[in-house]
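Here are some notes to read beside the structure. Keep the display open while going through the points.

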Amino acid sequence: MMISAFLSKESCRALVMTNVDKPEIKIIPDTMVTEGNTGTLQCHVTSKTRPFIQWFKKVDDTLYNPPTDLTFDLNGQLFTVLKPGQMEEGPGNVYSSPLVLESVTEADEGLYACLASNRFGMSQQFTNLYITSVLSTTPTP
């Protein structure tokens with residue numbers, strides 16, 4: 001009990017916070033978009049404090065060897081930082097940050113990552129964007 005007399009309100013609050021206070025990302029389903037249309041990838045984050053949400057796209061390792069300031073290794077794969085989208089706050093401590101890709105082309109197809117962080121930790125989720133040709137209804141390989 002003597003120790004608690006020396007703790008401030010801030011440090012007491014910090015002792016109560018645990019790893020469960022890090023942001024949690026809802027699983028992002030893969031998305032299929034027809035070439036030339038607008039594609040939107042959604043990242044919904046539950047966080048007790050306002051998170052920072054950022055989108056990334058996997059790039060070809062051979063194009064960025066060695067990695068540059070714009071790329072980084074995430075789970076053994078090379079990703080590049082994308083322009084952050086508008087973050088919206090909803091009810092129940094849920095934040096969303098859609099990634100809107102206008103007039104998509106085959107170059108937009110690939111693996112994307114959403115990372116959310118707050119002062120208690122970081123979470124990540126991956127999703128695939130598939131582009132279909134106007135002449136076809138199946139995704140390109």
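1. A definition comes before the points on pairing: two strands pair if DSSP finds at least two bridges between them. One such bridge places Phe56 opposite Val81, its partner in E7. The model is a predicted one.

2. Start with the overall content. The protein chain holds 2 helices and 12 strands. Along the sequence the pattern is α-α-β-β-β-β-β-β-β-β-β-β-β-β, with both helices written ahead of the strands. Of the 141 residues in the protein chain, 31% are buried. The accessible surface is about 9,100 Å², and carbon and sulfur atoms account for 57% of that surface.

3. Next, how far along the sequence do contacts in the protein chain reach? Taking contacts between residues at least 6 apart in sequence, 66% join residues at least 24 apart.

4. One open sheet has 6 strands in the order E2-E12-E11-E5-E7-E6, and its pairing is mixed. At the edges are strand E2 (31-34) and E6, each of which pairs on one side only. From one strand to the next, the twist averages 35 degrees.

5. Strand E5 (52-58) deserves a point of its own. Is E5 largely enclosed or left open by the rest of the structure? E5 is largely enclosed, because 5 of its 7 residues are buried. E5 pairs with strand E11 (residues 110-118) in the antiparallel sense over 6 bridges, and there Ile53 has Ala116 as its bridge partner. E5 is also joined by 3 bridges to strand E7 (residues 77-81), again running antiparallel. In that pairing Lys58 stands opposite Phe79, and Phe56 has Val81 as its bridge partner.

6. As background for reading any strand on the display, the side chains in a regular strand alternate between the two faces of the sheet.

7. E11 is mostly covered, with 7 of its 9 residues buried. E11 and E12 run antiparallel and are joined by 9 bridges. Within this pairing, the bridge partner of Leu111 is Asn128 in E12. The two strands E11 and E12 form a hairpin, with 2 residues between them.

8. Now the aromatic side chains. The structure holds 1 aromatic pair. Which residues form it, and how are their planes set? Phe79 and Phe126 form the pair, which is tilted: the rings are 5.8 Å centre to centre, with 45 degrees between the planes. The 45 degrees counts as tilted because planes under 30 degrees apart would be stacked and planes over 60 would be edge-to-face. Phe79 lies in strand E7 and Phe126 in strand E12 (residues 121-132), so the pair ties together parts that are 47 residues apart in sequence.

9. The two members of the aromatic pair can also be described by their exposure. Phe79 has a relative accessible area of 0% and is buried. Phe126 has a relative accessible area of 25% and is partly exposed. The cut-off that applies is that buried means under 20% relative accessible area. Phe79, besides its place in the pair, is the residue that stands opposite Lys58.

10. A loop residue may be worth finding on the display. Asp60 is in the loop between strand E5 (52-58) and strand E6 (71-74). Asp60 is partly exposed, with a relative accessible area of 40%. How many residues apart in sequence are Asp60 and Thr80? They are 20 residues apart in sequence and 9.9 Å apart in space, C-alpha to C-alpha.

11. There is also an open sheet of 4 strands, with the order E1-E4-E9-E8 and antiparallel pairing. Strand E1 (24-25) and strand E8 (88-90) stand at its edges with a single partner strand each, so one side of each has no neighbour in the sheet. Strand E4 (residues 44-46) and strand E9 (residues 94-96) pair in the antiparallel sense over 3 bridges. Thr46 stands opposite Val94 in E9.

Terms used. Residues are numbered from 1 along each chain as its sequence is written. This is a predicted model: local features need pLDDT of at least 70, side-chain atom pairs count only at pLDDT 80 or more; totals for chains, interfaces and linings use all residues. Side-chain values use heavy atoms; hydrogens and water are left out. Buried means under 20% relative accessible area, exposed over 50%, partly exposed in between (1.4 Å probe, protein chains only). Rings of Phe, Tyr and Trp (its six-membered ring) pair if their centres lie within 6.5 Å; planes under 30 degrees apart count as stacked, over 60 as edge-to-face and the rest as tilted. Contact means heavy atoms within 4.5 Å. Accessible areas come from the Shrake-Rupley method with a 1.4 Å probe; for residues, only the protein chains shown count as cover. Axes are lines fitted to C-alpha atoms, for helices over the stretch in contact, and angles run from 0 to 180 degrees between N-to-C directions.
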